[in-house]
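Here is a short report on one protein chain and its bound metals. Start with the view below, then read on.

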Amino acid sequence: MTTDSQNAERTMGAAPVRLCKRCQEIEATTIMRTEPLCSNCFVEYIKKKVAKQLEAYRIKNASKNNRRRVLLPISFGVSSLSLLHVLDGHLQSQIRRTNRTGYELHVLHVNTSGVDADAPQIGRLEVLKEKYPRHTYSELTLEDVFDHANEYLETTLRDVNINIGDVAPPSSKHEKLVGLLSALPSPTSRADVVETLRNNLIIAFAKENDCQSITWGDSATRLAEKTISETAKGRGFSLPWQISGGESPYGLHVSHPLRDVLKKELVIFAENVDPPLTPLIHSRPAPTMTSAPAKSTTIDDLMGQYFASIEESFPSIVANVVRTTSKLRAPEVTEGQSRCDLCGLPLADSDASLGEGESSAQSLVQPEGNLCYGCARTTLGSRFTPHS
Ligand SMILES: [Zn+2]
Ligand SMILES: [Zn+2]
């Protein structure tokens, strides 16, 4: 076993004063890979690590007349805020050096407070606009997915309108969304569909606003969580697209510049930049690891708790999960290949011939429509029948 477990530990309590190993001037506050670092040097260390992932955004890779527009979805979590901070600094340094930039940033927040009491309230983007005024900002609500969805989901949502109206047809986008989610069988399915709708909305928005690329604030820890939870939810086939980055089947370039940084490192980063990002972060009530998870606990919650403990003691495991998943090659997508009616991902042949028990179960849910295995599982036993 490596000593990685101790590597990123912060010095606690009355540790003897140690000078930062890099600048040799200031007292170290953090131990990073056995190196004691001061907060300045720690912040620089994280910035450099992220900059390594920004090759595509370099000035020499931008065409003269057509600067790349990059969409950055912000959730107000520590990771996406840290990414905004780093990218803002990256753009400023491009301007300082060459008086131009390799890309421009469009920040998007999809507000989910209509269906999630713990989500940030509408209007929080204003603070970011003031702090980082150079970029374009937009805020949508999850309900806007009924107006901005990609072609696959659009049809599904149009038809679902009819199917969820048990009593009276829903009159607003909000009622429609609530009706759709309440038709789903479990908290895990609801969380999964919320995530799917949010992704769809972000992708549709990127295309409508001429963004060629989406940059996600997922940390290494989050990518590891996703790897396991997406697999558990039956969407393992989508991992190369979700984790590796590069060209996505939605026709957009995707990047995860924080892929080498642990979530706990980002927490220290956010505390140590000047001024700290901490007041901007929206903190959710922390889920606690209990022996008997509450009924409302989702697979994503469980994986979040699991990897929070893993990154504390065994950070190399997190890195290994991400590295291994990144090696998966994405299946080839052919033009005209049929797509999932919910998530819009290309359907593999295997989705048409599921395992024995599953195929009959799937047909209960979805007699005619096209759903990938993951979305079929998510809507299993629900009244969510897009094309019946
Ligand atoms: Zn230092
Ligand atoms: Zn799907």
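A residue counts as buried when its relative accessible area is under 20%, as exposed when it is over 50%, and as partly exposed in between. Lys264, at 10% relative accessibility, is therefore buried. Keep in mind that this is a predicted model.

**Salt bridges**

Side chains of opposite charge can pair when their charged atoms come close. The count here comes to 17 salt bridges. Three of them are listed below.

| Pair | Closest N to O distance |
|---|---|
| Glu126 and Lys129 | 3.1 Å |
| Asp192 and Arg235 | 2.9 Å |
| Lys264 and Glu312 | 3.8 Å |

Take Lys264 and Glu312. Lys264 sits in helix H10 and Glu312 in helix H11 (residues 299-313), so this pair ties together parts that lie 48 residues apart in sequence. Lys264 is buried, whereas Glu312 is partly exposed at 36% relative accessibility.

Asp192 and Arg235 also link distant parts of the chain, 43 residues apart. Asp192 belongs to helix H7 (residues 187-208), and Arg235 to the loop between helix H8 (220-232) and helix H9 (239-244). Both Asp192 and Arg235 are buried. They are also members of a salt-bridge network that includes Glu230, Lys233 and Asp300.

Glu126 and Lys129 make a local pair. They are 3 residues apart in helix H4, so about one helical turn separates them. Glu126 is partly exposed, at 45% relative accessible area. Lys129 is partly exposed too, at 34%.

**Two zinc sites**

Which residues hold the zinc ion of ligand 1? The donors are the SG atoms of Cys20, Cys23, Cys38 and Cys41, at 2.3 Å. Their spacing along the chain is C-x2-C-x14-C-x2-C. Cys23 and Cys38 come from distant parts of the chain, 15 residues apart. Cys23 is in the loop between helix H1 (4-7) and strand S1 (30-32), and Cys38 in the loop between strand S2 (35-37) and helix H2 (39-51). The donor angles run from 102 to 118 degrees, which makes the arrangement tetrahedral. Cys23 is partly exposed at 24% relative accessibility, but Cys38 is buried at 1%.

The zinc ion of ligand 2 is bound through the SG atoms of Cys340, Cys343, Cys372 and Cys375, at 2.3 to 2.4 Å. The spacing here is C-x2-C-x28-C-x2-C. Cys343 and Cys372 are 29 residues apart. Angles of 103 to 114 degrees make this arrangement tetrahedral. Cys343 is buried, with a relative accessible area of 5%. Cys372 is buried as well, at 0%.

**Nonpolar cores and helix H3**

The largest nonpolar core has 39 residues. Ile74, Leu84, Leu105, Leu128 and Phe269 touch the most other members. Elements that each supply at least two residues include H2, strand S3 (68-73), strand S4 (103-111) and helix H10 (263-272). Which element gives the largest share? H3 does, with 7 residues.

Leu84 has contacts that include Leu72, Ile74, Leu105, Val107 and Leu128. Tyr132, His135 and Tyr137 are also among the residues it touches. A second, separate core holds 38 residues, among them Leu142, Val145, Leu153 and Ala206.

H3 has 21 residues and spans 30 Å from its first C-alpha to its last, close to the 30 Å expected. Of these residues, 15 are buried, so H3 is largely enclosed by the rest of the structure. Asn99 follows H3, with a positive phi near 65 degrees.

Definitions and conventions
Residues numbered from 1 in each chain as written. Chains lettered and ligands numbered in written order. Predicted model: local features only at pLDDT ≥ 70, side-chain atom pairs only at ≥ 80, totals over all residues. Heavy atoms only, no water. Donors = N, O, S within 2.8 Å, 3.2 Å for Na, K, Ca; no water. Tetrahedral: all angles 85-135°; square planar, octahedral: opposite > 155°, others 65-115°. Helix = DSSP H or I, 4+ residues; strand = E, 2+ residues; numbered from the N terminus. Buried < 20%, exposed > 50% of the residue type's maximum accessible area, 1.4 Å probe, protein only. Core = buried A, V, L, I, M, F, W, Y, C linked by side-chain atoms within 4.5 Å. Contact = heavy atoms within 4.5 Å. Expected span 1.5 Å × (residues − 1). Salt bridge = Lys/Arg side-chain N within 4 Å of Asp/Glu carboxyl O. Lists of a residue's contacts leave out its neighbours within four places in sequence.
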